[in-house]
Protein chains: 4
Amino acid sequence: MQFLSDNAARVHPQVWEALRAADDPDKPYDGDALSQRLDDVFAGLFGRECAAIWAGTGTAANCLALATMVEPHGGVICHRESHIEMDECGAPGFYLHGAKLLLADGAGAKLSAESIGAVLAGITRDVHQVHAHAISITQASEYGLAYAPAELDAIGALAREHGLGLHMDGARFANAAAFLACTPAEAAGTVDALSFGFTKNGAMDADAIVFFDPAKADLARWRRKRAGHLHSKGRFLAAQILALLEGDLWLELARHANAAAAEIAAGAGERLIHPAQSNELFVAMDAQERASLREQGFAFYDWDEASVRLVASWDTRMEDAAALGKAIASL
Amino acid sequence: MQFLSDNAARVHPQVWEALRAADDPDKPYDGDALSQRLDDVFAGLFGRECAAIWAGTGTAANCLALATMVEPHGGVICHRESHIEMDECGAPGFYLHGAKLLLADGAGAKLSAESIGAVLAGITRDVHQVHAHAISITQASEYGLAYAPAELDAIGALAREHGLGLHMDGARFANAAAFLACTPAEAAGTVDALSFGFTKNGAMDADAIVFFDPAKADLARWRRKRAGHLHSKGRFLAAQILALLEGDLWLELARHANAAAAEIAAGAGERLIHPAQSNELFVAMDAQERASLREQGFAFYDWDEASVRLVASWDTRMEDAAALGKAIASL
Amino acid sequence: MQFLSDNAARVHPQVWEALRAADDPDKPYDGDALSQRLDDVFAGLFGRECAAIWAGTGTAANCLALATMVEPHGGVICHRESHIEMDECGAPGFYLHGAKLLLADGAGAKLSAESIGAVLAGITRDVHQVHAHAISITQASEYGLAYAPAELDAIGALAREHGLGLHMDGARFANAAAFLACTPAEAAGTVDALSFGFTKNGAMDADAIVFFDPAKADLARWRRKRAGHLHSKGRFLAAQILALLEGDLWLELARHANAAAAEIAAGAGERLIHPAQSNELFVAMDAQERASLREQGFAFYDWDEASVRLVASWDTRMEDAAALGKAIASL
Amino acid sequence: MQFLSDNAARVHPQVWEALRAADDPDKPYDGDALSQRLDDVFAGLFGRECAAIWAGTGTAANCLALATMVEPHGGVICHRESHIEMDECGAPGFYLHGAKLLLADGAGAKLSAESIGAVLAGITRDVHQVHAHAISITQASEYGLAYAPAELDAIGALAREHGLGLHMDGARFANAAAFLACTPAEAAGTVDALSFGFTKNGAMDADAIVFFDPAKADLARWRRKRAGHLHSKGRFLAAQILALLEGDLWLELARHANAAAAEIAAGAGERLIHPAQSNELFVAMDAQERASLREQGFAFYDWDEASVRLVASWDTRMEDAAALGKAIASL
């Protein structure tokens with residue numbers, strides 16, 4: 001019973017079907033019929049004009065999105081525990097040609113208009129300091145918390161006021177949208193670009209970058225090719241994305257993962273470090289307790305000395321989640 | 001009947017099987033059992049110690065390999081018609097942080113010790129000119145020509161003499177090895193790193209970078225992560241590569257593609273611009289002749305005003321190739 | 001009697017005076033009164049709005065200018081013998097983050113609308129090839145040839161038609177302007193940014209970058225700081241530039257250097273490889289002839305096996321130039 | 001009476017003499033006799049083999065030094081208030097191609113083996129996090145504090161233990177060495193490269209980068225040219241450095257600046273935020289007090305709401321410093 005990572009989950013059967021169905025020669029790169037459908041499908045989903053391109057990893061999606069907003073001498077305001085700061089081996093430094101991540105604070109790894117404003121207020125000295133060109137937020141956050149539409153509105157307003165780009169790392173956008181029970185458009189707020197993750201939610205290796213200014217997508221296409229991310233058989237990436245969007249399968253899978261996490265959370269009770277708002281939980285637990293759970297067959301990662309991380313996926317069995325919840329309650 | 005590109009070919013059934021078999025949770029990134037087997041499998045293939053990592057595209061494979069050899073202030077000697085110069089949208093400039101491609105000449109897009117030496121001889125002025133740090137050759141070349149072992153030896157000796165890294169872009173390494181009818185080790189010569197292509201030869205999206213100095217692979221792992229090319233479900237890339245190496249399927253498929261090209265070449269006769277040494281042919285043809293072939297149902301790309309490019313794949317039907325050969329002969 | 005390089009020349013007495021006069025505490029960086037005067041002085045010189053910043057070297061001036069026009073995935077069309085291609089150790093690759101130099105041909109290292117058009121015509125394949133974002137021309141060219149106003153107009157029209165930035169490397173702009181006997185504005189044509197050289201023409205270490213779109217200067221200020229080219233005592237760079245602009249000293253010095261070169265050219269006659277249009281001459285000469293001149297006390301660099309380069313400076317004595325002319329005539 | 005910055009100070013008369021004396025044609029770039037003397041002069045000063053090159057600014061010196069130690073995928077441990085982090089507009093990100101600054105804490109902007117160790121301990125996750133390649137310390141620190149030899153030894157030992165490069169930003173190395181009253185070698189500890197500042201200490205625009213591994217200097221020469229920092233008349237930079245090293249003028253000037261600061265410090269007493277260990281003081285002062293001092297003719301910068309920064313220079317008159325000390329005491 002693995003609760004290690006949604007990265008470790010299986011590929012959904014409908015994705016497999018779509019992959020096999022795509023195995024017919026078509027135009028290479030993103031000239032194929034499937035890739036060409038992405039703009040329309042995402043425009044339908046978000047109810048506004050947009051252009052969408054695929055990328056093989058979330059890191060690539062984040063960095064290609066940011067590369068359309070940030071000049072090499074600029075910076076990106078992000079949370080100091082965000083994925084782009086902590087887990088991408090400096091990829092933003094590479095893709096943005098040395099632009100700087102400007103670190104902000106916030107409980108649960110969430111930014112707020114206030115914490116972003118504090119970073120902006122600290123940048124004072126003409127050309128001697130790096131100025132912000134963009135803000136990047138994570139929906140859901142590194143600790144599994146969702147930004148509510150009103151929070152997104154406040155950040156969006158601040159970005160516009162300061163002329164900053166706004167990017168959303170949506171590696172778990174599906175889980176946030178499912179939790180918020182709002183429209184995808186509301187869960188995305190007024191971001192300029194969204195890294196819309198599918199790999200953690202039933203795909204094999206396909207994320208989308210949705211640009212609400214289509215001109216930015218054209219720019220990202222250059223950067224994608226230049227970064228070696230333009231797959232020659234791009235139809236296989238598009239196929240995965242389309243399969244998961246079809247009939248809102250993506251939401252259904254995320255709802256399941258969230259529900260499984262909720263089962264665990266119910267058992268964790270007071271041990272929960274952050275409220276359960278997606279498929280990721282952080283649970284206080286000492287070494288002996290961890291050992292006990294592992295002996296019972298539960299696999300998960302330590303987070304730090306005082307807590308563990310538990311991640312449910314689209315393919316987590318509810319009975320396993322319930323069992324883990326009970327086991328924690330019984331510790 | 002498409003002869004557009006081997007990029008447009010299908011995924012081989014054994015690759016599909018391997019992909020499905022890999023759909024079981026394992027460690028993320030390249031910690032899974034399949035990815036961990038690559039070093040040994042390639043060491044067996046080449047009969048010498050090596051370390052191998054996967055990459056999702058050939059451009060990424062080339063650039064990650066070169067990044068282990070070339071400092072930002074250095075240069076790479078390559079053919080002026082090579083893929084890294086002509087078709088990667090400046091990806092080497094991105095991955096090598098502005099290092100320069102130093103262009104050499106040679107018939108059929110092949111370099112020789114002489115043409116490389118001519119570039120080296122022209123670099124004279126201390127820190128004012130970019131110095132070469134590496135050489136990159138393409139096996140088979142952009143025009144489908146294979147480097148014979150003796151040619152590789154001469155280039156390898158020159159590289160060692162000048163202390164230069166040696167990289168081989170092997171997007172069609174399989175086709176070259178099949179044509180040369182030598183061992184893989186002989187077809188690779190004494191290169192330091194080989195981009196070993198599978199995507200054009202039955203895979204969905206997986207190439208390998210084989211480093212004959214394992215320390216360089218460790219370096220490339222950092223660069224791969226930093227470039228967003230470390231797939232979280234890397235087992236799916238490893239599975240493709242292993243499936244094609246199993247029982248030398250890669251060679252069998254390349255031999256088929258070469259044989260299909262040979263059928264066409266037989267019909268093309270004097271029209272062939274370069275000898276047929278792989279699965280790619282360049283055939284002299286005027287506009288009216290092209291139109292005639294297309295009316296007969298053959299799909300292919302124009303190369304320039306005087307010639308077309310015809311590419312056979314692992315899934316080209318021999319009867320289609322024969323038909324195309326005949327159609328050309330009848331023009 | 002040295003004809004090695006105008007880089008080797010002395011600092012003009014009026015520059016020394018200006019440097020000493022500037023040795024009074026003022027605001028650091030470019031906040032001082034002298035630096036603040038540059039915009040107006042150059043606007044007066046060119047008769048149009050502009051913004052000007054100083055840089056300590058010509059390489060920095062060229063690269064900072066280009067960085068305002070070229071995105072990392074773009075390219076710069078330049079002559080294959082231009083300074084940015086041949087003599088800056090890949091500095092454009094560094095400053096432009098891997099953007100590519102797209103090489104064009106032309107007699108005397110001069111581009112033309114035709115040769116630029118030929119490069120543009122060769123770029124055809126969507127995101128697979130680097131597209132041009134700017135053109136860079138050199139006034140006077142590497143071979144000392146000046147672009148006439150009509151030539152500049154044709155290139156400027158082409159740049160506008162294709163939406164390309166236009167940069168002029170004016171390391172020897174003074175010599176070109178002096179030769180053309182036109183206004184500075186005519187000698188600059190419709191470029192967007194001009195690297196206006198002073199170091200080869202009486203300064204110690206100060207060149208200007210003149211932006212005819214002041215917004216670009218603001219951008220260049222960030223890049224300059226980021227490249228470590230924002231001197232803390234910038235008043236000393238501004239002082240040099242102002243001293244040379246004062247009373248058109250820059251033109252007077254260039255006229256002298258050109259006149260000295262003309263003396264030599266008169267003696268060189270048929271040996272001249274390019275017409276004498278500035279202070280640089282390329283003269284056909286065999287090894288024995290070179291040795292003879294050197295025995296007579298003339299210092300100069302070999303250019304290639306068949307020719308030498310002779311450079312006159314603001315401080316070349318006319319009698320030395322005449323002596324060299326005679327010595328060549330007597331060979 | 002200006003206490004704004006040592007950047008605002010005058011050029012020392014012996015430097016002017018040396019500049020004038022250098023105004024005789026010599027080999028361009030750093031081939032001149034003066035530049036060629038730097039290695040020996042610094043080797044004498046530090047009593048060990050070294051190679052030294054000049055740079056026109058401190059930012060360039062820091063970044064060129066670090067570029068010899070840090071690969072693009074690596075990081076530099078530095079203080080979160082260090083100049084490279086706060087005041088160079090992201091120049092390290094540019095020169096190091098996106099490498100990351102890894103921020104450490106420490107009172108008075110000084111690092112310690114402990115605070116560096118804490119950063120190292122926090123880097124745990126394989127290729128997902130940026131690993132440190134080097135440490136950069138500032139002598140004297142941003143708050144004017146000197147590292148004692150024993151502190152440098154501890155940091156040097158840690159660097160060796162972890163295989164990290166060690167860089168010293170010595171923009172005010174002279175002031176630290178003067179305060180410590182030890183040998184230059186002791187004040188530099190076991191760093192691999194030292195940015196040895198002269199511009200704040202009597203020069204016009206010349207800092208040195210001293211490499212204790214001469215091979216690194218060769219590498220830095222490429223990077224310097226590529227960054228546009230290879231001045232064509234480099235003799236003028238070398239001349240400034242040699243003039244200040246001659247007869248230990250650099251130490252004499254620093255001792256004077258420190259003594260002037262000590263005069264002020266004596267008056268500031270309890271208001272001093274950090275002990276006076278160089279020529280920079282940070283003094284607690286409210287708005288009314290600042291206004292009072294400014295009315296009395298003292299010029300200085302605010303540091304934050306609670307304090308001001310006062311900087312003495314080689315050309316600060318002792319009587320002015322004493323007057324400022326008295327004025328503060330009388331507040």
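**Entry 1: a loop in chain C, and its counterpart in D**

I started at Ala140(C), which sits in the loop between strand S4 (131–138) and helix H7 (149–161) of chain C. Here helices (H or I, at least four residues) and strands (E, at least two) are DSSP runs, numbered from the N terminus. The peptide bond that leads from Gln139(C) to Ala140(C) is cis, and its omega is near -5°. That caught my eye, since most residues other than glycine have a negative phi, and most peptide bonds are trans.

I then looked up chain D, where the bond from Gln139(D) to Ala140(D) is cis with omega near -5°. Ala140(D) lies in the loop between S4 and helix H7 (149–162) of chain D.

A note on the ground rules: this is a predicted model, in which local features need pLDDT of at least 70 and side-chain atom pairs count only at pLDDT 80 or more, while totals for chains, interfaces and linings use all residues. Residues are numbered from 1 along each chain as its sequence is written, chains are lettered from A and ligands numbered from 1 in the order in which they are written, and side-chain values use heavy atoms, with hydrogens and water left out.

**Entry 2: the turn from H11 to H12 in chain A**

Next I went to Asp248(A), in the loop between H11 and H12 of chain A. Asp248(A) is not a glycine, yet its phi is positive, at about 55°.

How do the two flanking helices pack? Helix H11 (residues 235–245) and helix H12 (residues 249–268) of chain A make an angle of about 70°, and their axes are 5 Å apart. Axes are lines fitted to C-alpha atoms, for helices over the stretch in contact, and angles run from 0 to 180 degrees between N-to-C directions. H11(A) and H12(A) are therefore roughly perpendicular to each other (under 35 degrees is roughly parallel, over 145 roughly antiparallel, 65 to 115 roughly perpendicular, and the rest oblique).

From H11(A), the residues Ala243(A), Leu244(A) and Leu245(A) meet Leu249(A), Trp250(A) and Leu253(A) of H12(A); contact means heavy atoms within 4.5 Å. By class, I have six nonpolar, no polar and no charged residues in this contact. For the classes, Ala, Val, Leu, Ile, Met, Phe, Trp, Tyr, Cys and Pro count as nonpolar, Asp, Glu, Lys and Arg as charged, and the others, Gly among them, as polar.

**Entry 3: H1 on H11 in chain D**

In chain D I followed helix H1 (residues 13–21) to helix H11 (residues 235–245), where the angle is about 140° and the axes are 8 Å apart. H1(D) and H11(D) are therefore oblique to each other.

Which residues bring them together? H1(D) offers Gln14(D), Val15(D), Ala18(D) and Leu19(D), and H11(D) offers Phe236(D), Ala239(D), Gln240(D), Ala243(D) and Leu244(D). The class count for H1(D) with H11(D) is seven nonpolar, two polar and no charged residues.

**Entry 4: the sheet of chain D**

Still in chain D, I traced an open sheet of seven strands in the order S1-S7-S6-S5-S4-S2-S3, with mixed pairing. Two strands pair if DSSP finds at least two bridges between them. Strand S1 (51–55) and strand S3 (100–104) of chain D are at the edges with a single partner strand each, so one side of each has no neighbour in the sheet. On average, neighbouring strands are turned by 25° against each other, direction ignored.

I checked one pair: strand S6 (residues 193–196) and strand S7 (residues 207–211) of chain D are antiparallel, over four bridges. Ala193(D) has Phe211(D) in S7(D) as its bridge partner. Helix H2 (residues 33–46) of chain D packs on the sheet, touching S1, S6 and S7, and its direction makes about 120° with that of S1(D).

**Entry 5: the sheet of chain B**

Chain B has an open sheet of seven strands too, ordered S1-S7-S6-S5-S4-S2-S3 with mixed pairing. Which strands stand at the edges of chain B? They are strand S1 (51–55) and strand S3 (100–104), each with a single partner strand.

Strand S6 (residues 193–196) and strand S7 (residues 207–211) of chain B run antiparallel and are joined by four bridges. Leu194(B) is opposite Val210(B) in S7(B). Helix H6 (residues 113–121) of chain B packs on this sheet against strand S2 (74–79), S3 and strand S4 (131–138), with its direction at about 125° to that of S3(B).

**Entry 6: laying A on D**

Last, I looked up how chains A and D relate. A turn of 180° and a shift of 0.0 Å along the axis lay chain A on chain D with an RMSD of 0.0 Å (a least-squares superposition on C-alpha atoms of residues with pLDDT of at least 70 in both copies). The two copies are thus related as by a two-fold rotation axis. In chain A, Gly98(A) comes closest to that axis, at 1.9 Å (C-alpha). The same surface serves both copies, as 100% of the contact residues of chain A recur in chain D.
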